[in-house]
Amino acid sequence: MLRFVLTRVSLVIPTFIGITLLAFFLIRLVPGDPIETMAGERGIDPARHEQLRKEFGFDKPLLSQYGVYITRVLHGDLGKSIVTRENVSTEFAALFPATIELAVCAILFALIIGLPAGILAAVKRNSIFDHGVMGVSLAGYSMPIFWWGLLLILLFSVQLGLTPVSGRIAVQYFIEPTTGFLLIDSLLAGDFDAFKSALSHLILPAIVLGTVPLAVIARMTRSAMLEVLGEDYIRTARAKGLAPIRVVAMHALRNALIPVVTVIGLQVGVLFTGAILTETIFSWPGVGKWLIEAISRRDYPVLQGGTLLIGVVVMSVNLLVDLLYGLINPRIRHH
Amino acid sequence: MSADVIEAQAAAAPPARPHPLREFWTYFSANRGAVAGLVVIALVFLLALFADFIAPHSPYVTNNAVFLKPPFWQDGGSLSYPLGTDAIGRDILSRLLYGARLSLMIGVAVVALSIVVGVILGLIAGFFRGATEIVIMRAMDIVLTLPSLLLAIVIVAILGPGLMNAMLAVAIVVLPHYVRITRAAVIAETSKDYVTAARVTGAGTLRLMFKEVLPNCAAPLIVQATLGVSTAILDAAALGFLGLGAQPPAPEWGTMLADAREFVLRAWWVVTFPGVAILVTVLAFNLLGDGLRDALDPKLKR
């Protein structure tokens, strides 16, 4: 097991170096001088230009620049935002809980609907329900979620007036951030009105972000269940007279869940991609919206640091899923 | 490429079996979803091709007299603007029709670029192994680790916004799939007897790569390419929506949605139709891709 863990962890190192290289070259590949690019159309006077070049270390050779950069990164220093002058890592840490809260709720939504739908579709194979689930999940998989979000706003916020259009909580509530997750913080503060407000703000974005994972989970659960239901031990369980529900829930589901858990773990990248779009539509104050705004403000250190941090988060979650998978399924460990 | 494969198989097959093309069609046409996808794609293609004749208006001409006119079945709508007009009086139907051109062009161009580069990299990785392979495959792992849209955004941030750069970014993002498929297929094929035979008769590496091995990897690549068109259309539209893809006034569907965002409270049709166009087209390509996979994948054949 230790060897398995060490191999998997060591495989991550080149990926990490690759991500730092990408983040490092990001600023240097922008056409023209990076400082002029950051200064934008206003231009910059030559003395200040020279001073900034020194400050950013652009006057040194590329390799030593990378050496300085990676040393800083390993010390947790990702530079400062040009716009706010705040540390990139501080800004990220302040906004990340909003993205996690959204992503966790999205995955919960996807699981609560996707798992039962996939299981039922497999048990009732080729029924109308099965075809319905497969059709809907293919549509979900093909969904342009930025449009799906607008459509839900149109229906639930504009037509029915049920949910707010944007933001994380109504302006009159101020919740002291303890965990950074508004749903939990508002409950800790005992403020149920604030909790309701936070929840009503969260529902639509979570549905939008959960749509693609929902489709993937439903499809994956169905095919994993179909495979398991065809196994001999299921036939044995049925033959000895176990109740069908017991066979499905106890015997089949447990083994079918292994590939499903992996797929859920691998949805992290998809969730970040979705979060960028979802947060933009709903003005959700998370890291996705932050990155998009960084582009329009030409705030390259934010884009650079944010890309690196998100890359590391995705990489770590993938590694974790990999290790967990090895833990549940011994066959993986020994190959 | 596919025709070569099919002919090659036909020559080798015993006479009792039906023609591979016929066999393929038997499997494919049994899948109603796939056939529906094919029909929709053909329709979108024809609409795009004949947009000049079908579109009632120019996609660019604005008309002060008809701001935010609703579709014809609503009060205030008229048949001269069947799906209504946008905020500066452009006909939405005409923009959607010309948008179909852009989206199909994006899908095909992105897939063509990524398949050519991906196949070459995959062939190199599969044939030369060793350090070359490690470098190529590690690079692909990095591309796969980053969330696809984030990577595309970073690339566009480097190159600057615009349709061409957005297409290039999406092509890079989807590249690893083609490299992986080709490499895996090459490694599986090169151990087979026909490759050894070709090598013994003196075929060079290039000949082995392109004449012998590549045609036999075609099936998974065709499937991936079909599914890739839908990813390309979707991602390019997302970039357009974020203001990083096609720039206004281009009638690209994602860009149209970006323009329409602020009118979501007043004019549902401006927001609804471009999204329907994206969804239907992407869905059709996914259906076709699934159908092709079932029909071409010998492992699933009974």
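**Exercises on chain A and its partner**

In chain A, 72% of the contacts with a separation of 6 or more join residues 24 or more positions apart, a contact being a pair of residues whose C-beta atoms, placed from the backbone, lie within 7 Å. The model is predicted: local features need pLDDT of at least 70, side-chain atom pairs count only at pLDDT 80 or more, and totals for chains, interfaces and linings use all residues. Residues are numbered from 1 along each chain as its sequence is written, with chains lettered from A and ligands numbered from 1 in the order in which they are written.

**Exercise 1.** Determine how many helices and strands chain A has.

*Solution.* Helices (H or I, at least four residues) and strands (E, at least two) are taken as DSSP runs, numbered from the N terminus. On this basis chain A has 15 helices and zero strands. Its C-alpha trace spans about 85 × 55 × 40 Å along the principal axes.

**Exercise 2.** Establish whether Leu183(A) is buried, partly exposed or exposed, and list what it touches.

*Solution.* Leu183(A) is placed in helix α8 (residues 182–188). A residue is buried if 20 or more other C-beta atoms, placed from the backbone, lie within 10 Å of its own, exposed if 12 or fewer, and partly exposed in between. Leu183(A) has 18 C-beta neighbours inside 10 Å and therefore counts as partly exposed. Leaving aside residues up to four places away in sequence, Leu183(A) touches Glu101(A), Phe195(A), Ala198(A) and Leu199(A).

**Exercise 3.** State how many residues of chains A and B are in contact.

*Solution.* The contact involves 36 residues of chain A and 34 residues of chain B.

Terms used. Contact = placed C-beta atoms within 7 Å.
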